[in-house]
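Good morning, and thank you for making time for this item. Please bring up the sequence and the structure, and I shall then go through selected regions in turn.

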Amino acid sequence: MKLLFVLCVLSASVASCFSLDREAFTFTDYQLDVRIEPEQQRLAVRGTITLRNDSSRAQKNAALQISSGLTWRSIQAEGKPLQFVSQPYVSDIDHTGELSEAIVALPKEVPLGGTVKLAIGYEGVIVLDATRLTRIGMPKENAIHSDWDQISKSFSAVRGVGYVAWYPVAMEAGNLSEGRSLFEVLGRWKQREQKAEMEIRLSHSRDGENAPPALLCTAAGTHLVEEISRAQEAVTDCQFAPLGLRVPAFVVANYEILERPVVEIARRPEHKSNAEKFAQAAEAVAPFVTEWFGAPREKAQVVELLDPGASPFESGAMLLTPLNDTDPKLLEIALVHELTHAAFSSPRPWIYEGLAHFAQGAYRERQASRQAALDFMGLHRSAIVDAEKTIAAEAKDAPTGDESLVTTTIDEFYRSKAAYVWWMLRDLLSEETLRKVLAAYQADQDKDPAYLQRLAQAQSGRDLQWFFDDWVYHDRGLPDFRVESAYPRQASQGNYLVTVTIENLAATGAEVPVTVRFDGGETTQRVQVRGRAKGIVRIATPRPPTEITVNDGSVPESDLSNNVFRVGAPAN
Ligand SMILES: [Zn+2]
């Protein structure tokens, strides 16, 4: 049987031999000892992983995938070596665009819901590599600002799933040149792994003269300061229990730590003043974040990336970013996001990330004006419109699942669209009521998608079913409002009343502001317009109305070109 297995693997495609289901197993537990050797750009890992069969039938084989620069050394169960075949597997879940995949013959069939614990060993190099981006045409000099992960002598930073498979995973191939395939496989994996427990012991020996480097990871509750070991060997224990929405990542560098009450910043020695600007920005926004989301549960953390052009990356309340000399206003906007994560927790991406992006918009409003905030939110609007177009185009080939906010794995939805949902909820309920909803929210009670709706209804006394149906539980696209008609008349001496009919051409409803302009001023009222329906609003003005605009930008819309209406002369 084992021989047959090996022959089969060698002679033909594995999938056709065994109908290998790469996504059969959820990896429920990782206990890994990770030894980093920066001089050799190497990593050596020993430990155990536990796999649970979450597929629909018993499984005889399992796939274990690691980055293509790493090599499998051993896979055992119950103290006995298991037979496995290692093969390259092309997939863009790793920066190299390829994985080292071990197809393991399990000691016995694992039944549905059954688990198997494997002792594993692998090692190899993690070097700067942006193959997956360059092969789809991105110039290398740009690609390495995005795929900046590497282990190197002076600086090591390696992110987990979706960047570098430095711990074993198993999923179907994701391909950057095939629409959303990469994001879909990663989304499924992250969803399955939310409850996984991960305990990682990172270590490396320090070299004689140099100060011991800091060894950091993105686990919650990690404090940067404690991570600097004074011993010959630097060791950091990283506990992800459970993993939640975080991406396990580690950083090794000669940092100095700037510690403040709300934030810790790991910086290189020459960036003291820039780090202080980040700290000042965090302190400036902290009261705002506390007003909205309560006192922080942990410190926000900022870790410097050495490449000044590197794209920032966040995991939980940790931000990896170059510490460039940036406009303090922009720094504040960036730090509102991390401080919101440090203050407010949720197992739902659209709540966790949506609120952090919403908070940035709300802070922009505090900094400048509602219009400045809506301009800021407008960046999210274009992202959503583009994502909706992509989905619509793909749906022509194959019908896709419902990208509701509760199930979506699309960034533009659980970040950008969700930010607008929170913005609209604030407009709908009032800021005071929304804050009460957030104060009542408890992450561990959020067990069904309607939990938030129930809280919002209890605090506001309003029926919000239609809103949650259109925006949260389903993806019905974005609304498209137009002013169908506007009939002004003179109500009395010096008083005008204009009757405005707003039509919503799309399936998603919203409560939307309608602004009437007149010589010397304007006045705004809100009107609720359900999907494919009309809403009527009567607005009084002291002078003849000249122009009507529906939507000030607070509702994301697919088409903004049909929102303005010129008013004719009033009837008497
Ligand atoms: Zn975030």
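Leaving aside neighbours within four places in sequence, which residues is Thr501 in contact with? The contacts of Thr501 are Arg482, Val483, Glu484 and Ser485, together with Lys534, Gly535 and Ile536. Thr501 belongs to strand 20, which covers residues 495-504. With a relative accessibility of 11%, Thr501 counts as buried, because the cut-off for that term is under 20%.

Before going further, I should state that this is a predicted model. The chain has a mean pLDDT of 91, and 92% of its residues are at 70 or more. Two stretches call for caution. In residues 1-7 the pLDDT is below 50, and this stretch has ten contacts in the model beyond near neighbours in sequence. In residues 9-16 the pLDDT is likewise below 50, with eight contacts counted in that way. Where pLDDT is low, the predicted coordinates should not be read in detail.

Let me stay with strand 20 for a moment, since Leu497 is also found there. Leu497 and Arg538 are separated by 41 residues in sequence, yet their C-alpha atoms are 6.5 Å apart in space. Not counting residues up to four places away in sequence, Leu497 touches Tyr487, Pro488, Arg489 and Ala491, and also Arg538, Ile539 and Ala540.

I turn now to the metal site. Which residues supply the protein donors of the zinc ion? The donors come from Glu314, His337, His341 and Glu353. Glu314 and Glu353 are each listed with two OE atoms, while each histidine contributes NE2. The distances from these donor atoms to the zinc ion run from 2.0 to 2.6 Å. In sequence, the donor residues follow the spacing E-x22-H-x3-H-x11-E.

As for geometry, six donor atoms subtend angles of 53 to 157 degrees, and the site is irregular. For reference, ideal angles at a metal are 90 or 180 degrees for six octahedral donors. The test for six donors as octahedral asks that opposite donors be over 155 degrees apart and all others between 65 and 115. An angle of 53 degrees is outside those limits, so the site is classed as irregular.

Two of these donor residues can be placed on helices. His341 lies in helix 7, residues 328-343, and Glu353 in helix 8, residues 349-367, so this pair ties together parts that are twelve residues apart in sequence. His341 is buried, at 0% relative accessibility. Glu353 is buried as well, with a relative accessible area of 8%.

Helix 8 appears again in the surroundings of helix 13. What covers the buried residues of helix 13? The cover includes helix 8, helix 10 (411-429), helix 12 (451-460), strand 21 (510-518) and strand 22 (521-529). Helix 13 spans residues 465-473, and seven of its nine residues are buried, so the rest of the structure largely encloses this helix. The buried residues are Trp466, Phe467, Phe468, Asp470, Trp471, Val472 and Tyr473.

Next, I come to strand 13, residues 249-253. Five of its five residues are buried, so strand 13 is largely enclosed by the rest of the structure. Both faces are covered: Ala249, Val251 and Ala253 are buried on one side, and Phe250 and Val252 on the other. Which strands pair with strand 13 in the antiparallel sense? Strand 9, residues 155-159, does so over five bridges, and strand 11, residues 214-217, does so over four. Phe250 of strand 13 stands opposite Val158 and also opposite Cys217.

Cys217 leads to the disulfide, for which the count is one. Cys217 is joined to Cys238 with an S to S distance of 2.0 Å. The torsion about this S-S bond is about -115 degrees, so the disulfide is left-handed. The pair links distant parts of the chain, with Cys217 in strand 11 and Cys238 in strand 12, residues 233-240, 21 residues apart. Cys217 is buried at a relative accessible area of 2%, and Cys238 is buried at 1%.

Finally, a brief remark on Ser181, which is placed in helix 5, residues 181-193. Ser181 is buried, with a relative accessible area of 16%. Apart from neighbours within four places in sequence, Ser181 is in contact with Gly174 and Asn175.

How values were computed
Residues numbered from 1 in each chain as written. Predicted model: local features only at pLDDT ≥ 70, side-chain atom pairs only at ≥ 80, totals over all residues. Heavy atoms only, no water. pLDDT = per-residue confidence, 0-100. Contact = heavy atoms within 4.5 Å. Donors = N, O, S within 2.8 Å, 3.2 Å for Na, K, Ca; no water. Tetrahedral: all angles 85-135°; square planar, octahedral: opposite > 155°, others 65-115°. Helix = DSSP H or I, 4+ residues; strand = E, 2+ residues; numbered from the N terminus. Buried < 20%, exposed > 50% of the residue type's maximum accessible area, 1.4 Å probe, protein only. Pairing = 2+ DSSP bridges. Disulfide = S-S within 2.5 Å.
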